Amino acid sequence: MMPRLLLAMSLLLLASPAWAQQKVEITADKFTIEETKREAVFDGNVVVKHPTVTVWAPHVVAIYGEGGTNDIKSFEATGDVKLETKDQTATGQRAVFTPSDQLLRLTGNVVVINSGGTVNSSELVVNLETNVSTFSSTGGGRVTGVFNSQ
């Protein structure tokens with residue numbers, strides 16, 4: 001069901017303690033760690049493979065705290081971003097997850113497709129604490145959806 005966005009829950013795993021306990025494969029054309037900024041930066045054809053979600057993006061940045069890479073403050077994928085689970089696919093221009101407020105924001109020509117249908121919007125905000133997903137549109141646009149009946 002669209003409101004209980006499986007993709008968002010899977011992305012949560014990218015920035016949670018469970019992330020460290022599961023095998024994650026990240027490939028990119030370039031990888032840079034900037035210790036003074038506490039940033040891990042992946043550039044060029046980035047693919048993040050986690051057991052429950054795969055993320056594709058041209059650019060991915062993880063900001064971490066004093067606890068190192070196990071203390072993720074934010075995770076941001078930019079460019080033509082695609083997130084895929086076994087049940088659905090979401091695309092947009094920017095995906096940001098912040099563990100402190102448990103919000104996942106997918107912005108820029110958002111399209112979410114699963115067996116229940118397709119939703120298009122400018123922005124999707126998923127509150128992983130309350131399991132509330134909000135699709136919105138900006139600039140006079142509208143949220144649109146096509147749903148498959150059973």
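In which strand does N114 lie? In this predicted model, local features were considered at a pLDDT of at least 70 and side-chain atom pairs only at pLDDT 80 or more, whereas totals for chains, interfaces and linings use all residues. Residues are numbered from 1 along each chain as its sequence is written, and side-chain values use heavy atoms, with hydrogens and water left out.

N114 lies in strand β7, which covers residues 103-114; strands here are DSSP runs of E with at least two residues, numbered from the N terminus. The residue is buried, with a relative accessible area of 14%, where buried means under 20% relative accessible area, computed with a 1.4 Å probe on protein chains only. The side chain of N114 reaches the backbone nitrogen of G116 at 2.7 Å.

Strand β3 (residues 39-49) pairs in the antiparallel sense with strand β1 (residues 25-27) over 3 bridges, two strands being counted as paired if DSSP finds at least two bridges between them. Within this pairing, T27 has V47 of β3 as its bridge partner. Strand β2 (residues 30-34) is also antiparallel to β3, with 5 bridges, and F31 is matched there with F42 of β3 as bridge partner. The hairpin of β2 and β3 has 4 residues between the strands, and R38 in this hairpin takes a positive phi near 55°.

The pairing of β3 with strand β4 (residues 54-65) is likewise antiparallel and extends over 9 bridges, and a hairpin of 4 residues joins β3 to β4. In β4, W56 is the bridge partner of V47, the residue that is also the bridge partner of T27.

Methods. Buried means under 20% relative accessible area, exposed over 50%, partly exposed in between (1.4 Å probe, protein chains only). A polar contact is a pair of N or O atoms within 3.5 Å; within protein, one must be able to donate a hydrogen and the other to accept it, and residues adjacent in sequence count only if both atoms are side-chain atoms.
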